[in-house]
Amino acid sequence: MAAVLEGLRVLDLSWGIAGPMTAMLLGDQGAIVTKIEPPGGDPFRNQLGYKVWNRGKRSAILDLKSPADKEAFLALVKTADILVESYAPGVTARLGIDYDTLRKINPRLVYCSITGYGRDNEHSDRPAYDALVAARTGLHFEQRGWPEGALNHLAGRPDPFAEVEIPSDWVQGAPRPGPLFPASHWPSLGAFFTASVGIAAALRVREINGNGQWVETSLLQGAMAGACGVWQRAENIDADGFDSWILGSRSPKGHFQCKDGRWIHNWVPNPRFILTASAGDRINASPDLTVQNDPDRFGTGPEELLVMAHYQPILAEAVKKFTAREWVEAAATAEVTMQDVRSVEESLSDPLLFKDGCVTEVDDPELGRIRTVGTAYKMSLTPGRLGGPAPKSGQHTAEVKAEAERARAAPQPAAKAGGKKIARPLEGITVLDLGLAIAGPFGTQLLSDLGANVIKINGLFDIFWHRVHIAYMANRGKRSITLNLKHPQAMEIFLKLVAKADVVHHNMRYDAAERLKIDYESLKKINPKLVYCHTRGFETGTRAGLPGNDQTGACLSGIQFEDGGMARGGRPLWSFTSFGDTGNGFLSAVAVVNALYHRDRTGEGQFVDTSIINAALLNTSYAVARPDGTGFDRPRIDGMQYGYNAGHRLYETAQGWLCVLLLDQSHWDELSAVLGVPELATDPRFADAAARKQNDEALAQILAARFKTAPAADWFKQLDAAGVPVEIEAEDFSRKLHDNAEFQKRKWVVSYPHPVVGKLDQIGLLFDLSETPGVIQGRPLLVGEHTKEIMAELGYSEDTAKALEQQFAVGFVGMPRMPPRPAAPAVAPAADPAKQDGGKSRMNLAEWAEQNQQPAKKN
């Protein structure tokens with residue numbers, strides 16, 4: 001079976017991370033990718049990640065300033081389908097290879113630009129490196145969040161629990177104030193994901209109307225994609241159930257060190273499981289977790305911080321009784337979300353990941369047999385295939401130039417006349433979204449932004465999740481119908497929707513879908529052309545049925561290990577800007593659009609799937625390992641999360657923080673002159689790159705002491721004028737973001753009135769399409785607000801809808817009516833203050849326990 005992009009030709013003029021990864025993903029699905037390198041080769045080839053991101057590509061060296069080589073390149077453009085470039089704004093125009101020029105040569109060309117900050121805005125000319133983009137946008141501060149929490153921070157409100165003392169070893173992140181430098185390249189990763197969706201959308205449009213277009217994204221939009229959960233601003237953050245403790249720096253996050261010194265992450269922390277499982281001398285893998293109104297369960301309200309502070313030392317002590325392996329095995333039996341924190345190299349040696357194919361092996365001519373990230377998403381009828389090892393620079397130059405010579409004689413492509421007009425990439429496509437939490441719904445939100453009619457299939461009690469601000473980040477632009485799929489008449493409604501739908505998308509456990517008979521094999525009998533997308537927490541195999549989330553994926557893939565600087569003495573960090581759940585969403589959107597592209601050509605539907613662990617492995621694809629799990633020398637951040645080395649890290653100043661990135665000797669010379677530290681130029685310990693690497697700690701101490709003598713603004717002004725790559729660590733970028741007129745105009749940020757939280761500001765479109773732009777179709781949904789409307793479209797009367805609501809088959813907007821339930825059992829005295837009287841009662845539990853010096857319950 002041919003891969004979905006079989007035979008398409010890609011010209012890769014990118015470097016760094018985002019562009020090479022974007023072209024890699026195209027190659028993994030069958031495209032022929034030719035990497036065009038400048039004389040001397042790609043300046044970033046020393047990255048270990050290039051062993052991954054350049055797999056399966058050809059490499060040709062062309063000097064685009066040379067008339068002969070430029071003519072060869074323009075000949076290649078005639079037969080190309082996609083071009084990916086990452087030049088700074090304006091450079092392609094000076095070289096004569098900009099979109100407007102090349103589309104005259106090939107109107108069918110899909111041209112993707114990945115810049116630092118996009119065109120024509122106040123940031124456009126700033127240095128486009130991950131660390132500096134993360135500094136300028138405040139993304140380093142968002143790694144562990146703000147003491148007051150994300151919503152309070154954007155609203156300009158203080159920490160509501162500032163007087164409560166929280167020891168630093170109870171929370172994640174280095175035990176120091178200020179921003180944190182992660183190992184993950186979040187802006188570039190975000191740009192990779194957004195570019196991949198944009199290209200897939202543009203290819204589908206081209207299949208319909210015959211013409212290419214310009215796809216644009218940036219590291220800035222990548223940062224926005226990563227921070228879309230923490231960069232929401234609401235007028236009324238005190239709306240019932242809206243705010244939470246989750247995105248604040250002072251709440252424990254469920255990290256615990258075990259008996260063997262390894263760390264585990266239990267998300268959301270489950271006191272009943274930990275305390276009951278650890279009560280004896282042997283771990284109990286089958287504790288009773290069925291207690292109704294469990295007084296040991298953490299709620300979502302911000303006041304739960306006080307309860308968590310009470311439990312944290314008790315849970316930490318309990319976890320230390322057993323090894324990480326014992327805890328993970330017990331959690332699997334109990335179906336509790338818990339995994340151990342491991343390195344990237346450990347992850348790549350995992351036999352389950354290798355068996356699934358999300359980790360693969362390749363024989364590299366320089367490193368030998370290595371393991372890397374494998375297939376990112378699977379397609380049942382058009383499976384991808386991974387290419388061979390990364391080529392040497394210029395390895396295929398002669399071959400590519402010969403192709404260019406033949407292409408000169410080929411007729412020039414013409415714009416397709418009479419093609420079907422289409423305003424949005426997914427115009428006319430209906431998607432049924434049965435997704436849970438973020439990983440599933442985020443993918444369908446992307447489909448909505450591409451113009452699809454997304455119908456959210458909500459359950460009767462989904463309102464409790466959808467009122468939390470985190471749910472808002474993944475559910476805009478959708479219509480909601482509330483169906484109890486265990487009721488036969490509700491199932492009838494759903495199946496009528498399936499018959500008319502183009503896509504079904506969900507991330508429930510697949511065995512649950514099979515029990516409901518809404519699995520792919522069942523639904524394709526009703527609609528053979530259906531594109532069915534299923535996403536998971538883990539790979540296929542023994543872990544597939546376990547509960548998974550962003551946090552477990554970050555544990556298993558090595559993200560938390562690397563971002564916490566654990567190789568150099570740090571502790572695990574779960575980043576608030578990660579691409580686990582949302583990365584899964586991006587991959588699912590790419591897979592769905594690719595499947596629709598295939599259906600447009602053949603009429604065939606198919607099954608596509610991906611997972612959080614797949615996305616997480618892409619996030620750590622900067623590393624490779626030998627099959628036995630041993631690794632190779634590579635940069636690692638320090639345990640205090642300042643950065644990689646003295647020339648690539650954060651520095652505290654007399655007022656504020658700076659981030660510097662010194663790429664060559666000239667940057668060091670200018671830094672020495674500005675700082676007035678002559679020993680940088682005269683001391684043999686710092687004479688060249690090799691010497692600086694050997695004496696990095698001493699060098700960092702000298703620079704740190706000097707930077708503290710003046711404010712960040714002063715140092716920035718001098719260093720920037722001298723040409724040293726530097727940025728101030730912005731504390732207020734997110735607070736100004738939604739008021740930026742240029743961002744509003746481009747719909748990178750959007751606002752709408754919301755009936756619950758008032759004016760709501762969110763991150764908007766994450767990529768730009770020149771001919772068929774995306775669209776924000778509306779605010780985040782209210783559960784069941786379109787039930788009557790959608791039922792009417794299917795021919796149901798309002799009386800029938802009301803009758804079905806009385807039978808608990810469907811639900812309307814508002815709080816659900818509760819079927820009669822047995823009374824909850826009486827709780828033990830120690831939990832008495834936590835009776836169900838709202839969030840304040842949960843605060844009293846911690847206060848009561850402390851005042852009465854009572855240990856937490858261990859029942």
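Begin by selecting helix α12, residues 324-334: its buried residues are Ala324, Trp327, Val328, Ala330, Ala331 and Ala334. Buried here means under 20% relative accessible area, with exposed over 50% and partly exposed in between (1.4 Å probe, protein chains only). Helices (H or I, at least four residues) and strands (E, at least two) are DSSP runs, numbered from the N terminus. The buried residues lie on the same side of α12, because they cover an arc of only 165° around the axis; the arc is that of the directions from the helix axis to the C-beta atoms. An α-helix has 3.6 residues a turn, so residues three or four places apart point the same way.

The model is predicted, and local features need pLDDT of at least 70, side-chain atom pairs count only at pLDDT 80 or more, while totals for chains, interfaces and linings use all residues. Residues are numbered from 1 along each chain as its sequence is written, and side-chain values use heavy atoms, with hydrogens and water left out.

**Around α12**

Next, display β9 (263-266), α10 (271-277), α11 (304-319) and β10 (338-340), against which the buried residues of α12 pack. Contact means heavy atoms within 4.5 Å. Centre the view on tryptophan 327: not counting residues up to four places away in sequence, its contacts include Cys258, Phe273, Ala318, Phe322 and Met338.

Tryptophan 327 also leads to the largest nonpolar core, which has 156 residues; Trp231, Phe273 and Trp327 have the most contacts inside it. Such a core is a set of buried Ala, Val, Leu, Ile, Met, Phe, Trp, Tyr and Cys residues joined through side-chain atoms within 4.5 Å. Select helix α8 (residues 186-209) as well, since this helix gives the most to the core, with 12 residues. A second, separate core of 32 residues includes Ile455, Phe494, Leu523 and Tyr532.

**Backbone details**

Move to the loop between α12 and β10, where glutamate 335 is placed. Glutamate 335 has a positive phi of about 60° although it is not a glycine. In the loop between β9 and α10, find valine 268; a cis peptide bond joins tryptophan 267 to this valine, with omega about -5°. Then select alanine 437, in the loop between β14 (430-433) and α16 (439-449). Alanine 437, also not a glycine, has a positive phi of about 55°, and its relative accessibility of 41% makes it partly exposed.

**The four-stranded sheet**

Now select the open sheet of 4 strands, in the order β20-β21-β22-β23 with antiparallel pairing. Two strands pair if DSSP finds at least two bridges between them. At the edges are β20 (643-645) and β23 (726-728), each pairing on one side only.

Strand β21 (residues 648-652) is joined to β22 (residues 657-661) by 5 bridges; leucine 650 has cysteine 659 as its bridge partner, and tyrosine 651 stands opposite leucine 658. The hairpin of β21 and β22 has 4 residues between the strands, and there glycine 656 takes a positive phi near 95°. On the other pairing, 2 bridges join β20 to β21, with 2 residues between these strands in a hairpin. In β21, 4 of its 5 residues are buried.

**Confidence**

Finally, colour the chain by pLDDT, the predictor's confidence in each residue, from 0 to 100. The protein chain averages 93, and 95% of the residues score at least 70. Over residues 821-859 the pLDDT is below 50; this stretch has 58 contacts in the model beyond near neighbours in sequence.
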